[in-house]
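User: I'd like to learn how to read the features of a structure like this one. Could you walk me through it, step by step?

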Amino acid sequence: MAQASGLLNESSGTGWWADLKKAFNEGKFKTYARWGGIGNVILTITLSALFITSMFLTGLICILISVLVGILELPFCCTCLPICQKIQGYMTLFEIYWIRGLLYVGLGILIFIIFGQFGGFLAPIFGIFYILDGLCYVIAHFRGEKAEAQDSNISSLGVDTTKLKAQAAATAMGIV
């Protein structure tokens, strides 16, 4: 009897379970957590701003939380602003991934508390994503992944910057 898609079958070697096991074995949780943090920042700021009239106070608090997380996750975007450089000096503690993970889990719980007090229909979604991102950081720590000096640039997110620069140059010159 043939297997349909292998999505829920662990022995098939394909699907989400195999991808999750492969990611765990490769130790890429740091990269996934960083992308999750960036996604949280973009999602939270965009949707909070979009629905600010229906969730005003919750939206403002979520935007503030996301700005701080953005400074933590995207230090290469904040090098030009003196205030960001000052804030980054205080955030070096969060280079230890289990501490960063606990911060994100705490922020997720805080967002749930804010939701309970002030409402805001999107707050539970933001809270869940922050908690999941925090768990990725905790797993990364226990897998032995650590913050490195290169984490302050875009290549630390798994982006091949050489290929990206070559593609941008080719596009700019009209080759592609």
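**Reading a helical chain**

Analyst: Let's start with a single helix: H2 has 22 residues and runs 30 Å from its first C-alpha to its last, close to the 32 Å expected at 1.5 Å a residue. Keep in mind that this is a predicted model.

User: Which residues of H2 are buried?

Analyst: Buried means under 20% relative accessible area. In H2 the buried residues are Phe29, Lys30, Ala33, Arg34, Gly37, Ile38, Asn40, Val41, Thr44 and Ser48. Hold on to Arg34, as we'll come back to that residue.

User: How many helices and strands are there in the chain?

Analyst: There are 7 helices and 0 strands, and the pattern along the sequence reads α-α-α-α-α-α-α. Buried residues account for 32% of the 176 residues in the chain. Take contacts between residues at least 6 apart in sequence: 66% of them join residues at least 24 apart.

User: Next, charges. How many salt bridges does the structure hold?

Analyst: The idea is to look for a side-chain nitrogen of Lys or Arg within 4 Å of a carboxyl oxygen of Asp or Glu. The structure holds 2 salt bridges. In one, the side chains of Glu73 and Arg34 meet at 3.4 Å, N to O. This pair links distant parts of the chain, with Glu73 in helix H3 (residues 56–73) and Arg34 in helix H2 (residues 29–50), 39 residues apart. Both Glu73 and Arg34 are buried.

User: What about Glu73 and Arg100?

Analyst: Their side chains also meet in a salt bridge, at 3.5 Å, N to O. Again the pair links distant parts of the chain: Glu73 is in helix H3 and Arg100 is in helix H5, 27 residues apart. Glu73 counts as buried because its relative accessible area is 0%, and Arg100 counts as buried because its relative accessible area is 6%. Through shared partners, the salt bridges join Arg34, Glu73 and Arg100 into one network.

User: Which residues does Arg100 touch, not counting residues up to four places away in sequence?

Analyst: Arg100 touches Arg34, Leu72, Glu73, Phe94, Glu95 and Tyr137. So that list holds both other members of the salt-bridge network.

User: Tyr137 is an aromatic residue. How do I read aromatic pairs?

Analyst: A pair of aromatic rings is described by the distance of the centres and the angle of the planes. Planes under 30 degrees apart count as stacked, over 60 as edge-to-face and the rest as tilted. By this rule the count here comes to 4 aromatic pairs. Take Tyr97 and Tyr137: their ring centres are 5.1 Å apart and their planes are at 40°, so the pair is tilted. Tyr97 sits in helix H5 (residues 97–118) and Tyr137 in helix H6 (residues 123–142), 40 residues apart, and the pair links distant parts of the chain. Both Tyr97 and Tyr137 are buried.

User: And why is the pair of Tyr104 and Tyr137 edge-to-face?

Analyst: Check the angle: the planes are at 75°, with the ring centres 5.6 Å apart, so the pair is edge-to-face. This pair also links distant parts of the chain, Tyr104 in helix H5 and Tyr137 in helix H6, 33 residues apart. Ring pairs link Tyr97, Tyr104, Tyr130 and Tyr137 into a cluster.

User: Is Tyr104 buried or exposed?

Analyst: Tyr104 is buried, because its relative accessible area is 0%. Leaving aside neighbours within four places in sequence, Tyr104 is in contact with Val69, Leu72, Glu73, Tyr130, Ile131, Asp133, Gly134 and Tyr137. Tyr104 and Leu135 are 31 residues apart in sequence, yet 8.2 Å apart in space, C-alpha to C-alpha.

User: Let's finish on the outside. Which residues make the nonpolar surface patch?

Analyst: Phe112, Ile125, Ile128, Phe129, Leu132 and Leu135 make a nonpolar surface patch of about 500 Å². H6 gives the most to the patch, with 5 residues, while Phe112 is found in helix H5. Phe112 counts as partly exposed because its relative accessibility is 32%. For the whole chain, the accessible surface comes to about 10,700 Å², of which 70% belongs to carbon and sulfur atoms.

Terms used. Residues are numbered from 1 along each chain as its sequence is written. This is a predicted model: local features need pLDDT of at least 70, side-chain atom pairs count only at pLDDT 80 or more; totals for chains, interfaces and linings use all residues. Side-chain values use heavy atoms; hydrogens and water are left out. Rings of Phe, Tyr and Trp (its six-membered ring) pair if their centres lie within 6.5 Å; planes under 30 degrees apart count as stacked, over 60 as edge-to-face and the rest as tilted. Helices (H or I, at least four residues) and strands (E, at least two) are DSSP runs, numbered from the N terminus. Buried means under 20% relative accessible area, exposed over 50%, partly exposed in between (1.4 Å probe, protein chains only). The expected span of a helix is 1.5 Å times one less than its number of residues. Patches are made of residues with over 30% relative accessible area and no salt bridge: like charges are joined within 9 Å, nonpolar side chains (Val, Leu, Ile, Met, Phe, Trp, Tyr) within 5 Å. Accessible areas come from the Shrake-Rupley method with a 1.4 Å probe; for residues, only the protein chains shown count as cover. Contact means heavy atoms within 4.5 Å.
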